[in-house]
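Open your viewer, switch to a cartoon view, and keep the selection tool handy. We will go from stop to stop, with something to select at each one.

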Amino acid sequence: MPDIVTDNKMVIDRLYAGELPGRDELKQLLTCHSEEDAEYLFKLARQVRENAYGKDVYIRGLVEFTNYCRNNCYYCGIRHGNSNACRYRLSDGEIYSCCDEGYSLGFRTFVLQGGEDMYFTKEKLCGIIEHIKKKHPDCAITLSVGERDYKDYLAWYESGADRYLLRHETASAEHYNKLHPAEMSSGHRKECLWQLKDIGYQTGAGFMAGSPFQTPDCLVDDLYFLYELKPHMAGIGPFIPQKDTPFAGRSSGTLEQTLFLLGIIRLLLPDVLLPATTALGTIAPDGRERGLMAGANVVMPNLSPVSVRDKYNLYDNKISTGEESAQCTELLRKRIEQTGYNMVTGRGDFKKYKQKQTGE
């Protein structure tokens, strides 16, 4: 029988060399790796991210401005059908205040994230984007408001939005249908991602590790899709159940699996902006630090008003105070520095996008 450890290291070396391994090789790597394999992967992942971005860790100020959503995704705590959710919308002024405070704290990227809330029309979001850009022209704006029409995406881009996050959740259509109601489709979600890239956004995709019904083949599909799409950002976090959803009793994804996927994606997409997510910090106190050591280079502290942070409840036990709070940037800086990296406050653009814009 082949030596799995040796075979896995060969597959990791091929990823490091810029090759896409075969499906069976990736499946074996995901299902039959050792701690030694993981440490080897993380070592190479750190080398790759440092070649691309040095020791810098970019911070993004997260503004969760609405928890209304028209969708009924089975895993999400702000799903339309959750009658226990305490709904809120931030006013335009509250959104601007969050960004103003973030700017004073050193943030140069604001992430406007919400459910698919059609109260925030194309025109309304255009006005919000234009206001923030006029006051803070040196800042980047990232949107994360789900599946919308091409004309909406284009209008927001022309108003000044720079980036767009839209997790594909799973690249397997069969798996997607087990996580979402019939009116949603994997094909449409992927189409939105291609549209965002076509418009010119720095585009982010991603998926949950350990979601219900996920198989190793699903994860291979995800890795192949990311390699095809080549997003500028990739959000990978563990599935964590929420008590008011159909998946309330399911087991969470694991820290170990999520970290291993982060390492693979860093090798697969060397220049990608890769967050150590809040969900990582939720399942383990040092989850985000370990994410940085597995190849991540972004963290997203919360700029939302304290009064609404526990209402944006995508999953149970989400951390909403402490170092993940944007107001505690010095504590966050110290935790990042303990990993050997440095927190920086610049825009932190995707490397090749930055080169394209500046002519470097």
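Begin by selecting Leu165 and Gly204: Leu165 stands opposite Gly204, which belongs to strand E6. Keep in mind as you look around that this is a predicted model.

**Stop 1: strand E6 and its partners**

Now extend the selection to all of strand E6, residues 202-209. Is this strand mostly covered or mostly open? It is mostly covered, with 8 of its 8 residues buried.

On one of its pairings you will find strand E5, residues 163-165, which runs parallel to E6 and is joined to it by 3 bridges. Select Tyr164 and look across to E6, where Thr203 stands opposite.

Next, highlight strand E7, residues 233-238. E6 and E7 are also paired in the parallel sense, over 6 bridges. A good pair to click here is Phe207 with Ile236 of E7, which stand opposite each other.

If you would like to know what holds such pairs together, strands of a sheet pair through backbone hydrogen bonds, either parallel or antiparallel.

**Stop 2: the whole sheet**

Zoom out and colour the strands E2-E3-E4-E5-E6-E7, in that order. These 6 strands form an open sheet with parallel pairing. Which strands are at the edges? They are E2 (61-66) and E7, each of which pairs on one side only. Turn the view to look along the sheet: neighbouring strands are turned by 20° against each other on average, with direction ignored.

Then add helix H5, residues 122-135, which packs on this sheet. H5 touches E2, strand E3 (109-114) and strand E4 (140-144), and its direction makes about 155° with that of E4.

Go back to the edge strand E2. All of its residues are buried, 6 of 6, so E2 is largely enclosed by the rest of the structure. E2 pairs with E3 in the parallel sense, over 5 bridges. To see one of these pairings, select Val63 and its bridge partner in E3, Leu112.

**Stop 3: a second sheet**

Move on to the strands E8-E1-E9. In that order, these 3 strands form an open sheet, and here too the pairing is parallel. Strand E8 (298-299) and strand E9 (342-344) stand at the edges with a single partner strand each, so one side of each has no neighbour in the sheet.

Select strand E1, residues 56-59, together with E9: the two pair in the parallel sense over 3 bridges. Within this pairing, Tyr58 stands opposite Val344 of E9. Helix H14 packs on the sheet and touches E1, E8 and E9, with its direction at about 140° to that of E9.

Stay with H14, residues 329-337, and click Thr329 in this helix. Is Thr329 buried or exposed? Thr329 is buried, with a relative accessible area of 9%. Leaving out residues up to four places away in sequence, Thr329 touches Phe107 and Met343.

**Stop 4: a residue in a loop**

Select Asn313, in the loop between helix H13 (306-309) and H14. Asn313 is partly exposed, at a relative accessible area of 21%. Its contacts beyond four places in sequence are Gly77, Ile78 and Gln242. For a sense of scale, draw a line from Asn313 to Tyr150: the two are 163 residues apart in sequence, and their C-alpha atoms are 28 Å apart in space.

**Stop 5: two pairs of helices**

Two packed helices are described by the angle between their axes and the distance between the axes.

Show helix H3 (residues 35-53) with helix H10 (residues 255-268). Their axes come within 8 Å and cross at roughly 45°. That angle makes H3 oblique to H10, and the crossing is left-handed. Residues in the contact include Leu41, Phe42 and Val48 of H3, and Phe260, Ile264 and Leu267 of H10. By class, the contact has 11 nonpolar, 1 polar and 3 charged residues.

Finish with helix H2 (residues 23-31) and helix H9 (residues 216-229), which pack at an angle of about 120° with their axes 9 Å apart. H2 is therefore oblique to H9, and H2 passes H9 in a right-handed crossing. Among the residues to select are Leu26 and Leu30 of H2, and Leu219, Val220 and Tyr224 of H9. The contact of H2 with H9 has 7 nonpolar, 1 polar and 4 charged residues.

Methods:
Residues are numbered from 1 along each chain as its sequence is written. This is a predicted model: local features need pLDDT of at least 70, side-chain atom pairs count only at pLDDT 80 or more; totals for chains, interfaces and linings use all residues. Side-chain values use heavy atoms; hydrogens and water are left out. Axes are lines fitted to C-alpha atoms, for helices over the stretch in contact, and angles run from 0 to 180 degrees between N-to-C directions. Helices (H or I, at least four residues) and strands (E, at least two) are DSSP runs, numbered from the N terminus. Angles under 35 degrees count as roughly parallel, over 145 as roughly antiparallel, 65 to 115 as roughly perpendicular and the rest as oblique. A crossing is left-handed if the near helix is turned anticlockwise from the far one by less than a right angle, and right-handed if clockwise. Contact means heavy atoms within 4.5 Å. Ala, Val, Leu, Ile, Met, Phe, Trp, Tyr, Cys and Pro count as nonpolar, Asp, Glu, Lys and Arg as charged, and the others, Gly among them, as polar. Buried means under 20% relative accessible area, exposed over 50%, partly exposed in between (1.4 Å probe, protein chains only). Two strands pair if DSSP finds at least two bridges between them.
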